[in-house]
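Work through the exercises below with the sequence and the 3D view open. Each task is followed by a solution in steps.

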Amino acid sequence: MAIRNLIFEFRDVPGISNLDVWEKHGGYDGLKKAVAMERQTIVDEVKAAGLRGRGGAGFPTWIKWNGLPKNYDAPHYILCNADEGEPGTFKDRETLLKVPHALVEGMAIASLATYSRVGFIYIRGEYAEPAWQVRKAIDQAYAKGYLGKNILGSGHDFDLYIHMGAGSYECGEESALMSSLMGERGNPRLKFPHAPLPTVAGIWQAPTLINNVESYCAARWIIAHGSAEYAALGTERSKGTKIMSVSGHVAKPGNYEVEMGTPLMELLQAAGGVTNGRLKAVIPGGSSVQIMTAEQCEKINLDYESCSANGTLLGSGGMMAFNDLTDIVLLMRRTSEFYMHESCGKCTPCREGTRWLYKILDRICSGGGRQGDVELLLDVCSQIDGRSYCGLGDAACWPIAGAIKAFRHEFDYWIEHKRSPVGAQCVPPAFETINPALSLTAS
Amino acid sequence: MAPNSINPLADPVAKPVALEESAFLFSEEAVAELEEIATHYPERKAACLPALWIAQREYGGSLTPAALKEVAERLGISYTEVEGVATFYTMYNLRPRGRHHLEICTCLTCSVSGAYDVVHALEHAMGIHLGETTPDGEFTLSEAECLNYCGAATVVQVGDKYFTNITPQNCISLLDQLRESPSYTPAMLADSLVKLHTPGAGFKGGGSYTPEDLG
Ligand SMILES: Cc1cc2nc3c(=O)[nH]c(=O)nc-3n(C[C@H](O)[C@H](O)[C@H](O)COP(=O)(O)O)c2cc1C
Ligand code: SF4
Ligand code: FES
């Protein structure tokens, strides 16, 4: 097990973002097959492949596809979540930039399976460069009849639009994304069981499918190559491949598509190993998941089951490796700052709680830590976790609670000694060493 | 508050004192763009985000109360609704920015890869602190949350471009390059984001810069 390029098979072929080159490499074969298939067979193939959503939650993709009404009686929509905002993750960026036609083709296939005539790709505003590749791909696909009226003579029409975001992590949350697409603030919406599922009543109260970029691209591969070949890869409950974004203290950071179940340490080796010291910790799946110690990493395989068995999550696949110069408390302070900034403010536990977490961690890192601060952090976490309106609140707590579990001694050291256990050259830098002049900007 | 914290409350948005009767500023092409984009959705209101991008371009890079008013009237929704949207998202500028707005990522990976050293170097070179604009109006420097290109830390976004693998050394040549460049302005970013919505708007190119490109 190791690197296994399916979505990224032709990533490095020059000009692959153009339709002619894409077609030469089997591009739109999946769509041609889908057009000839029974609509239900498309869904069944995705089911047989065992594909689970790659946006973070790992929800079985076919269940969503199967949930939309199987007729054209009322409008349906399919959405692509390209709002990639989870710190540490940059797989969708490269996918959009290098193989935009994989996404366009995947969405066209999904539109057939779900009887949807309109699709939107919601791309975060910062991603103008990758978005231009998608724009080009859509325009080329229209010109060739892969999009638009009567796709490949199937009698099925499908229009695909781009909708650009404007800077908000919360808009990656699917119901907040829908609010944003409808021209509102990016606040999440009431969810099942208090409201119907999006597949019943999503945007404009119409049945709506939402999937991550990688999920659509994987579905396209499955239809093009058959579910058996996909399901042969991976583990019992995690099939196929996952694109992992590896960053931090590694020699060769970048995106690596690996077979599910690949040992974490093997990927770390593939990414060139740790630089400037020894491995101290890894965050396997983006900032929202629990940090793991170097010893724990030895046991982790990159699949859903192994990650949860070890107390973390595969998440969005944003794997960050840290060497022994890294100060975990300062890192968590920065993490909490992120969630405080991105909290949409709709619900009290998250709006207030993320500020509390930040303030306490900031106090500890400014040398003002008090006995009991760690318990206070855990208490605030328990008040947010499970009580917030959307997943952002939970995601703000997991890393903090996880870091306390794995590196409690570092928190205690900070509180007792008022300085980093790593020493003055720690990263992220402690304030005194970063920039004394910056204190002018304090409020 | 910590010295380098992002305090969302520290930078309040100036409230409009009174909404003067102002002439609408959208050009004919801008109106055509807005009308085309509005056809993508079953409701006009859904075009609010792209309409604000158009306004940000037409009003020279930032959204004044007059700009918000024009958007509200053209979409047939209330001023308050538009203001609510414009204040939610970080990429809408409610205050004027410098000709180049540098947004430096200091999030997880960048923070352990020297981003704060780059912040320090940029502040020193520009003579301003985070969140400020140089007196000549050339640069604004802000701290950004993860720009999601962590593999190329440290990342700085200027206009619609990501400048990658930025260090305290090459950030100085980045400033020199920007000073010479008419591109990467807030208005051009807005223009790019508007055109992305429109089919057949034409491919503009892209691709990130690396230290080699910076010379
Ligand atoms: C705070 C928050 C942020 C999220 N950000 C993203 C994101 O940037 N991209 C994404 O695909 N999913 C994101 N998700 C997950 C989506 O809500 C949703 O589960 C996903 O788009 C479903 O697609 P999938 O089934 O293909 O994974 C986020 C969830 C939460 C709670
Ligand atoms: S948990 Fe609450 S405040 Fe936080 S982002 Fe979700 S809805 Fe907004
Ligand atoms: S942490 Fe800087 S780009 Fe992700």
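**Exercise 1. The shell around ligand 1**

Which strand and which helix of chain A each supply at least two residues of the shell around ligand 1?

Solution. Start with the conventions. This is a predicted model, in which local features need pLDDT of at least 70 and side-chain atom pairs count only at pLDDT 80 or more, while totals for chains, interfaces and linings use all residues. Residues are numbered from 1 along each chain as its sequence is written, chains are lettered from A and ligands numbered from 1 in the order in which they are written, and side-chain values use heavy atoms, with hydrogens and water left out.

Step 1. Helices (H or I, at least four residues) and strands (E, at least two) are DSSP runs, numbered from the N terminus. The two elements asked for are strand S4 (208-212) and helix H17 (391-417) of chain A. S4(A) gives the most, with three residues.

Step 2. A residue is near a molecule if one of its heavy atoms lies within 4 Å of it. Ligand 1 is surrounded by 19 residues, and the closest are Gly55(A), Lys64(A), Asn211(A), Asn212(A) and Ser215(A).

Step 3. Sort the shell by class: Ala, Val, Leu, Ile, Met, Phe, Trp, Tyr, Cys and Pro count as nonpolar, Asp, Glu, Lys and Arg as charged, and the others, Gly among them, as polar. The shell around ligand 1 then has nine polar, seven charged and three nonpolar residues.

**Exercise 2. Polar contacts of ligand 1**

List distances from oxygen atoms of ligand 1 to polar atoms of Lys64(A), Glu84(A) and Asn212(A), then give the covered share of the ligand's area.

Solution. Step 1. A polar contact is a pair of N or O atoms within 3.5 Å; within protein, one must be able to donate a hydrogen and the other to accept it, and residues adjacent in sequence count only if both atoms are side-chain atoms.

Step 2. Take the side chains. An N or O atom in the side chain of Asn212(A) is 2.6 Å from an oxygen atom of ligand 1. For a polar side-chain atom of Lys64(A), the distance to an oxygen atom of the ligand is 2.8 Å.

Step 3. Take the backbone. A polar backbone atom of Glu84(A) is 3.5 Å from an oxygen atom of ligand 1.

Step 4. Ligand 1 has 620 Å² of accessible area on its own, and the protein covers 88% of it. Such areas come from the Shrake-Rupley method with a 1.4 Å probe; for residues, only the protein chains shown count as cover.

**Exercise 3. The surroundings of ligand 2**

Name the residues that come nearest to ligand 2 and give the classes in its shell.

Solution. Step 1. There are 13 residues around ligand 2, and those nearest are Pro188(A), Cys344(A), Cys347(A), Cys350(A) and Cys390(A).

Step 2. The shell has seven nonpolar, four polar and two charged residues.

**Exercise 4. Two residues of chain A**

Place Ser238(A) and Leu103(A), and decide whether each is buried or exposed.

Solution. Step 1. Buried means under 20% relative accessible area, exposed over 50%, and partly exposed in between (1.4 Å probe, protein chains only).

Step 2. Ser238(A) lies in the loop between helix H10 (227-231) and strand S5 (241-248) of chain A. Ser238(A) counts as buried because its relative accessibility is 0%. Its side chain makes a polar contact of 2.4 Å with that of Glu305(A).

Step 3. Leu103(A) belongs to helix H6 (residues 100-114) of chain A. Leu103(A) is buried because its relative accessible area is 1%. Leu103(A) and Glu214(A) are 111 residues apart in sequence, and their C-alpha atoms are 7.9 Å apart.

**Exercise 5. Backbone angles**

Where are the cis peptide bonds before Pro193(A) and Thr154(B), and what is phi of Asn276(A)?

Solution. Step 1. The cis bond from Phe192(A) to Pro193(A) has omega near 5 degrees. Pro193(A) is in the loop between helix H8 (174-181) and S4 of chain A.

Step 2. The cis bond from Ala153(B) to Thr154(B) has omega near 0 degrees. Thr154(B) is in the loop between strand S2 (139-144) and strand S3 (156-158) of chain B.

Step 3. Asn276(A), not a glycine, has a positive phi of about 55 degrees. Asn276(A) is exposed, because its relative accessible area is 65%.
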